[in-house]
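Biologist: I am new to this structure and would like a close look at a single part of it. Please start at one strand and work outward from there.

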Amino acid sequence: MWESEGSFGVAENGGWKHFAPGGTGIATEFDKPTRETKAPMSRINSIYKEYLRLLSLNKQHTDSNLARGFSIEQLNKLQYKTVEDKTYELHRLGLDLSYVPGFYKNDFGELDSQAAKSTGYFIPVRDFRQRIQAMQVRLDSGNPKYLWFSSNGMNLGATSGSPIHRSIIGFSGSGPTWITEAPLKADFISAKLGVQAIGIGGVNAGHAEIVNALLEPNHRDVIIAFDGNWRSNPFVCRALGSLILRLASKVPCIPKLAVWDDDCGFDEAFEKKLSIDVVSANDWYRSRSDKIPNLIKDNNLADALKFKLS
């Protein structure tokens, strides 16, 4: 179900439909195959859910998210929780933490987790079936602001990867699909606009996954809401151009862009009450065609964008 090649349709909750040779089309659902060094998705999801059940969101983190614009009800549904190490409690419950990202066995042979080294709150990162496939930590201070809950390269540990996050916290059942730079921002967009939103781990992350997700029939109207620093940052502008080109080449629609006159993210632009305009990728390119090629600094990409959008 996780391979598109040879499929005859898209499953309702994600994945692709296939007939087995001589089969009837009635299939049994299995977890996405994983390497031996990473636990199955079903176990990762159940352990993260149990872990979050043991945690709470402290006043500092509650207040900061209320100030951002979330409601208490939305925070409860999102399951943001203040980071606290509960490895011992999870182990006592008889849960197998081996190869679950974020957990590992330390040099003393004891179970441990990255949570003991982080201060902030967890943001569950959900797949298209709303299973918790990974977790990010929104750090209280420092740069970068976000840290993946991961234990790559450690004994009995595993990498979280940088999976895309689907947020439907405010989804009303219709409307465009928004794409933004971080899971938290995707949650904010979904909560405020009543749409489904996809959050990626960074401007260059998850482009192929996004395209596969948007091949579903109900994702024909796409709006990209990258931070406003694409105007001056060649790295961000190249990533934006690459995503536009990939979507325009694979998905039967020309994506739109949300733009505002500031380098901040959508959540800050919304809070500042800036004018947020939604324009087609064609209009975005035409209005800045004299600046974008020089900013991208990639002749092949610039030529491809010009051919597709101008």
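Which residue in β11 does Thr180 stand opposite?

Modeller: Thr180 stands opposite Gly199 in β11. Keep in mind that this is a predicted model. Between β10 and β11, the chain passes through helix α5, residues 183-193. This β-α-β crossover is right-handed. The two strands run parallel and are joined by four bridges.

Now take the other neighbour. Strand β9, residues 165-167, is joined to β11 by three bridges. Here the strands run antiparallel. Arg166 stands opposite Ile198 in β11. So much for pairing; the side chains come next. Gln196 and Ile198 point one way from β11. Ala197 and Gly199 point the other way. Each of these four residues is buried.

What packs here? Helix α6 is one element to look at. It spans residues 207-214. Its buried residues are His207, Ile210, Val211, Ala213 and Leu214. They cover an arc of only 165° around the axis, so they sit on the same side of α6. The buried residues of α6 pack against β11 (196-199) and β10 (177-180). They also pack against β12 (222-225) and α7 (234-250).

Step away from β11 to a second sheet. This one is open and has four strands, in the order β3-β6-β7-β8. Its pairing is antiparallel. In general, strands of a sheet pair through backbone hydrogen bonds. At the edges stand β3 (81-82) and β8 (146-148). Each has a single partner strand, so one side of each is left without a neighbour in the sheet. Inside the order, β6 and β7 (residues 132-139) pair over seven bridges. One pairing to find by eye is Ile123, whose bridge partner in β7 is Gln136.

Strand β6 also leads to the aromatic rings. The model has 15 aromatic pairs. One of them is Tyr51 with Phe122, an edge-to-face pair. Their centres are 5.4 Å apart, with 65° between the planes. Tyr51 lies in helix α1 (residues 41-53) and Phe122 in β6 (residues 120-126). The pair therefore ties together parts that are 71 residues apart in sequence. Tyr51 counts as buried because its relative accessibility is 0%. Phe122 also counts as buried, at 0% relative accessibility.

Other rings gather in a cluster. Ring pairs link Phe70, Tyr80, Tyr121, Trp178, Phe188, Trp260, Phe266 and Phe270. A ring can have a charged neighbour too. The charged end of Arg138 sits over the ring of Tyr146, 5.4 Å from its centre.

End with the loop between β5 (111-113) and β6, where Lys117 is found. Lys117 counts as exposed because its relative accessibility is 58%. Leaving aside residues up to four places away in sequence, Lys117 touches Tyr104 and Asp112. Lys117 and Asp85 are 32 residues apart in sequence. In space, they are 8.9 Å apart, C-alpha to C-alpha.

Notes. Residues are numbered from 1 along each chain as its sequence is written. This is a predicted model: local features need pLDDT of at least 70, side-chain atom pairs count only at pLDDT 80 or more; totals for chains, interfaces and linings use all residues. Side-chain values use heavy atoms; hydrogens and water are left out. Buried means under 20% relative accessible area, exposed over 50%, partly exposed in between (1.4 Å probe, protein chains only). The arc is that of the directions from the helix axis to the C-beta atoms. Contact means heavy atoms within 4.5 Å. Rings of Phe, Tyr and Trp (its six-membered ring) pair if their centres lie within 6.5 Å; planes under 30 degrees apart count as stacked, over 60 as edge-to-face and the rest as tilted. A charge sits over a ring if NZ of Lys or CZ of Arg is within 6 Å of the ring centre and within 35 degrees of the ring normal. Two strands pair if DSSP finds at least two bridges between them. A crossover is right-handed if, with the strands pointing away from the viewer, the path from the first strand over the helix to the second runs clockwise.
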